[in-house]
Amino acid sequence: MALQLVLFGRQGAGKGTQSALLAKHYGAVHVSTGDMLREAVAEGTEFGRQAKQYMDSGALLPDEIMLGIITDRLAQPDVRAGGILLDGFPRTVPQAEGLLGITTLNVAVNIEVPRDVVLERLSSRRVCLNCGAIYSLDEPPTNPWTCDVCGGEVVQRDDDTAEAIGKRLAAYERDTVPAIERFGELGLLETVDGLGRPDEVAVRIVAAVDAHVARRPGS
Ligand code: ADP
């Protein structure tokens, strides 16, 4: 069966960067709830307008809405055929329970990066408005600030302000850490050191995932 993987990690731990590398490696579809919501915002729908209010303030959207979005996405043919790398979902215990009720996951990976390091990374993070590719002040695109991948405009995210970052990190400790612990109790969790170059972290994740799947093929 196609790989079904969840990536956990604080804001700025590298979930988006690693998802892109892992999607290529495993041939699975990268599904980022943050990217999906930012697309809805860019499309200017009524839902996008409401989502933007939550996002800009650093608050989470309601669990039922997010679970509905993921339920629909899991049913689509690309995910059914290729598998999924979930980035940004689940983020609360009810989301975790909901997900476990609708699909069989192989493994969850927690990318561990200390709070002081992510704070530094987030303040220098820049993203492509069009495709979501991630850059930083230290590693800008070749032509600042035009995306190397798609030519889109590369900017700072509206919610990468000091206030919203603080709120998102607090929500992570309060709401997401218990969800991670739930996966640990179920024997589905691998924790990986997220410090170092992205390619080094990717090697660690692949090793942890492959070892986990070899041990527990159908979990
Ligand atoms: P970050 O991990 O840096 O907070 P994301 O791109 O994953 O960034 O998410 C951005 C925002 O989108 C979140 O702050 C929240 O408002 C909303 N969001 C994304 N995923 C979820 C989710 N699973 N549940 C609730 N809200 C979500």
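Helices are DSSP runs of H or I with at least four residues, numbered from the N terminus. The model used in these exercises is predicted.

**Exercise 1. Leu100**

Task: State in which helix Leu100 is placed, how accessible Leu100 is, and which residues Leu100 touches.

Solution.
1. Leu100 has its place in helix α6, which covers residues 93-102.
2. Buried means under 20% relative accessible area, and exposed means over 50%. Leu100 has 24% relative accessibility, so Leu100 counts as partly exposed.
3. Not counting residues up to four places away in sequence, Leu100 touches Leu105, Phe183, Leu186 and Leu188.
4. Thr71 is 29 residues from Leu100 along the chain, and the C-alpha atoms of the two are separated by 11 Å.

**Exercise 2. The buried side of α2**

Task: Find which residues of α2 are buried, and explain why they line one face of the helix.

Solution.
1. Helix α2 spans residues 33-43, and Thr33, Gly34, Leu37 and Ala40 are buried in it.
2. Looking down the axis of α2, these buried residues fall within an arc of 120°, so they line one face of the helix.
3. A general rule fits here: an α-helix has 3.6 residues a turn, so residues three or four places apart point the same way.
4. The exposed residues Ala42 and Glu43 are on the face of α2 turned away from its buried side.
5. The cover over the buried residues of α2 includes β2 (29-32), α3 (46-57), α4 (63-74) and β3 (84-87).
6. After α2 comes Gly44, with a positive phi near 75°.

**Exercise 3. Helix α3**

Task: Compare the span of α3 with the expected one, and locate the buried residues of α3.

Solution.
1. The 12 residues of α3 should span 16 Å at 1.5 Å a residue; the end C-alpha atoms of α3 are 18 Å apart, which agrees.
2. Gly48, Ala51 and Met55 are the buried residues of α3.
3. Around the axis they cover an arc of only 65°, which puts them on the same side of α3.
4. What covers these buried residues includes α2.
5. Gly58 follows α3, and the phi of Gly58 is positive, near 85°.

**Exercise 4. Helix α4 and its contact with α2**

Task: Describe the two faces of α4, then work out how α2 and α4 are oriented to each other.

Solution.
1. α4 has 12 residues and reaches 16 Å from its first C-alpha to its last, close to the 16 Å expected at 1.5 Å a residue.
2. Met66, Ile69, Ile70, Arg73 and Leu74 are buried in α4. Seen down the axis of α4, they fall within an arc of 130°, so they line one face of the helix.
3. The face of α4 turned away from its buried side carries Glu64 and Asp72, which are exposed. For Glu64 the relative accessible area is 60%.
4. The axes of α2 and α4 come within 12 Å and cross at roughly 100°. Angles of 65 to 115 degrees count as roughly perpendicular. That makes α2 roughly perpendicular to α4.
5. On the α2 side the contact is made by Thr33, Met36 and Leu37, and on the α4 side by Met66, Ile69, Ile70 and Arg73.
6. Sorted by class, the contact of α2 with α4 has five nonpolar, one polar and one charged residues.

**Exercise 5. Lys15 and Ser32**

Task: Decide whether Lys15 and Ser32 are buried or exposed, and list their contacts beyond four places in sequence.

Solution.
1. Lys15 is in helix α1, residues 15-26, and Ser32 is in strand β2.
2. Lys15 is buried, with a relative accessible area of 13%. Ser32 is buried as well, at 7%.
3. Lys15 touches Leu7, Phe8, Gly9, Arg10, Asp87, Gly88 and Ile111. One of these, Ile111, is 96 residues from Lys15 in sequence and 7.4 Å away in space, C-alpha to C-alpha.
4. Ser32 is in contact with Arg38 and Asp87.

**Exercise 6. Cis peptide bonds**

Task: For the bonds from Phe89 to Pro90 and from Pro144 to Trp145, state whether each is cis or trans, and place Pro90 and Trp145.

Solution.
1. Most peptide bonds are trans.
2. The bond from Phe89 to Pro90 is cis, with omega near 0°. Pro90 is in the loop between β3 and α6.
3. The bond from Pro144 to Trp145 is cis, with omega near -10°. Trp145 is in the loop between β6 (134-136) and β7 (154-155).

Definitions and conventions:
Residues numbered from 1 in each chain as written. Predicted model: local features only at pLDDT ≥ 70, side-chain atom pairs only at ≥ 80, totals over all residues. Heavy atoms only, no water. Buried < 20%, exposed > 50% of the residue type's maximum accessible area, 1.4 Å probe, protein only. Arc of directions from axis to C-beta. Contact = heavy atoms within 4.5 Å. Expected span 1.5 Å × (residues − 1). Axes fitted to C-alpha atoms, helices over the stretch in contact; angles between N-to-C directions. Parallel < 35°, antiparallel > 145°, perpendicular 65-115°, else oblique. Nonpolar A, V, L, I, M, F, W, Y, C, P; charged D, E, K, R; others polar.
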